[in-house]
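Trainee: Could you walk me through this model, one question at a time?

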Amino acid sequence: MIDLSLLPDGGMSWLDASGPKGSIVLSTRIRLARNLRGYAFSQRARDTDRSAVLTRVEEAAAASDRLAGAVTFRLDQLERSDRQLLHERHLVSKELAGLDREARPRPGAALLVRGPVGVMVNEEDHLRLSGMRSGFALEEAYVDLEAADADLGRLLSFAFHPQFGYLTSCPTNAGTGLRASVLIHLPGLVLTKEIGKVLQGLSQVGLTFRGLYGEGSEVVGNFFQLSNQTTLGKSEEELLDHLGKIVRQVIEYEEQAREVLLRDHEAIIADKIWRAFGTLKYARSISFEETMNLLSGVRLGVGLNLISGLSVYTLNKLLIFTQPAHLAGLEGRSTGDPELPTVRAAYVRRILEAEAG
Amino acid sequence: MLCDSCKEREAVINLTQVEHDSKVTLHLCEQCAQAKGVETGVAVLKSPLGGFITAMGKGATSLLPTAADGLRCSSCGATLKDFRESGRLGCAQCYDAFDSHLRDLLRRLHGSSQHVGERYVGPGELEADPRRQLLDLKDQLRRAVENENFELAAELRDRIRVLE
């Protein structure tokens, strides 16, 4: 198993719920898509090109201020369970980790991490730089990222076109190559059935939503990733400002929905929340999906001050460590172990007892 | 005008295709246009969410005219057909090779085909000299006019005006 302790914070400082609006917004992530001039894009590249791309990126990272000493993970040399671990930790995409059925990671697929900045190499684009922060923190996430991008851009030749901007494998990312996403918990809007309107509204203002793991993933536990849909024709600042403005509005709607729930339906809501907490505390076998849904209820309870003595950080940790690869790693099992639901229930009980008594 | 295809409904779309050096213009109603794989503005407006999603990613490449399928990028060898099927371009030069087709697609995807964000200056490149840029643009304009690419020419003319 790979040693994630190489990363000072396990690559998860964003989990600590210290950021603005930490009880509603888990994390803010921004990524920039970049390609090297002179090499075919990843999907058309030969293996020798991909390994040349990786070498050049590693050399540039080592010579840069922001990425010198970054930890490198070669996805193409890792066991599936380790690749899944990195994916569950939101450090690599499903595509880079080669986790789709029958898929294998591409030769040269790698991840470089230093502090809040990560670089996926040989993903859909040669480089996918990302910056991640706890809570709702678009500006802070962009500061880290912009500096790393500028560093690498001075040492590598990026494919850039005066009209189309940064050139990307898929034209949906061309221009700035920037996709900013905010992982937000919206149980209030789901329970008041206002969520449909909000999500539909997003598409009309050029934003989109995805599930917990980004593109192609389902929405579970009332977690939504809100992000910009377009990348060309607006500056980086405009894209971030726009997303920020809309997310602030969504947070406001969520807070209003929670007020309404508490005012008009307190008994029903309190019952739902305590039942979720009770199940988490006493269940003897539980799937990850059910854990997510119950954690959503408990998180709402903490947000509404109905449950006390439980930190959002603990809930965030449970969200990560009850996932199959994390749980299996912690408890010395395999991800396919049929006893995993039992192991999960015991783990959740232990954590909740330790913190909440 | 009635639709050339069904000859029943009012034509709302003029579809111009170039085949074997001759230009054919079809006047189509919304339904027949859709059947031919042309996305109509009317349909997009009717279902903002659905339309937007299909217009993104792979679905969007169905908007490219099949007549130009054989167009090939001289750098990586990818054809426009490859792009239509995979939704992914082969290399950076594909953007020049498929320029006019991509412009249209980018406008539909992003509402614009002009990058206005950060301008990248690579290692060793001096700040782009506006005089050299102007000369380059004028050269591109001459070639665009020669190739009768008037849409590109108009855009280049606008950019030259800004620089001058």
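What follows is a short set of questions and answers.

Mentor: A heads-up before we start: this is a predicted model, where local features need pLDDT of at least 70, side-chain atom pairs count only at pLDDT 80 or more, and totals for chains, interfaces and linings use all residues. Residues are numbered from 1 along each chain as its sequence is written, while chains are lettered from A and ligands numbered from 1 in the order in which they are written.

Trainee: What is the strand order of the open sheet in chain A?

Mentor: Strands here are DSSP runs of E with at least two residues, helices are runs of H or I with at least four, and both are numbered from the N terminus. Two strands pair if DSSP finds at least two bridges between them. Strand 2 (71–74) and strand 9 (207–210) of chain A are the edges, each pairing on one side only. With eight strands and antiparallel pairing, the order is 2-3-4-5-1-8-10-9.

Trainee: Which residue in strand 5 of chain A is the bridge partner of A:Leu32?

Mentor: Strand 1 (residues 25–34) and strand 5 (residues 127–134) of chain A run antiparallel and are joined by eight bridges. In strand 5 of chain A, the partner of A:Leu32 is A:Leu129.

Trainee: Why do helix 9 and helix 10 of chain A count as roughly antiparallel or roughly parallel?

Mentor: Helix 9 (residues 288–303) and helix 10 (residues 312–321) of chain A pack with axes 10 Å apart, at an angle of about 170°. Axes are lines fitted to C-alpha atoms, for helices over the stretch in contact, and angles run from 0 to 180 degrees between N-to-C directions. Angles under 35 degrees count as roughly parallel and over 145 as roughly antiparallel. So helix 9 of chain A is, relative to helix 10 of chain A, roughly antiparallel.

Trainee: Which helix of chain A gives the most to the largest nonpolar core?

Mentor: A nonpolar core is a set of buried Ala, Val, Leu, Ile, Met, Phe, Trp, Tyr and Cys residues joined through C-beta atoms within 7 Å, and buried means 20 or more other C-beta atoms within 10 Å of a residue's own, with C-beta atoms placed from the backbone. The largest one has 118 residues, and A:Leu75 and A:Leu111 are among those with the most contacts inside it. The top contributor, with seven residues, is helix 7 (residues 236–264).

Trainee: How many residues does chain B bring to the contact with chain A?

Mentor: Contact means C-beta atoms, placed from the backbone, within 7 Å. Chain A brings 36 residues, and chain B brings 30.

Terms used:
Contact = placed C-beta atoms within 7 Å. Buried ≥ 20, exposed ≤ 12 C-beta atoms within 10 Å, placed from the backbone. Parallel < 35°, antiparallel > 145°, perpendicular 65-115°, else oblique.
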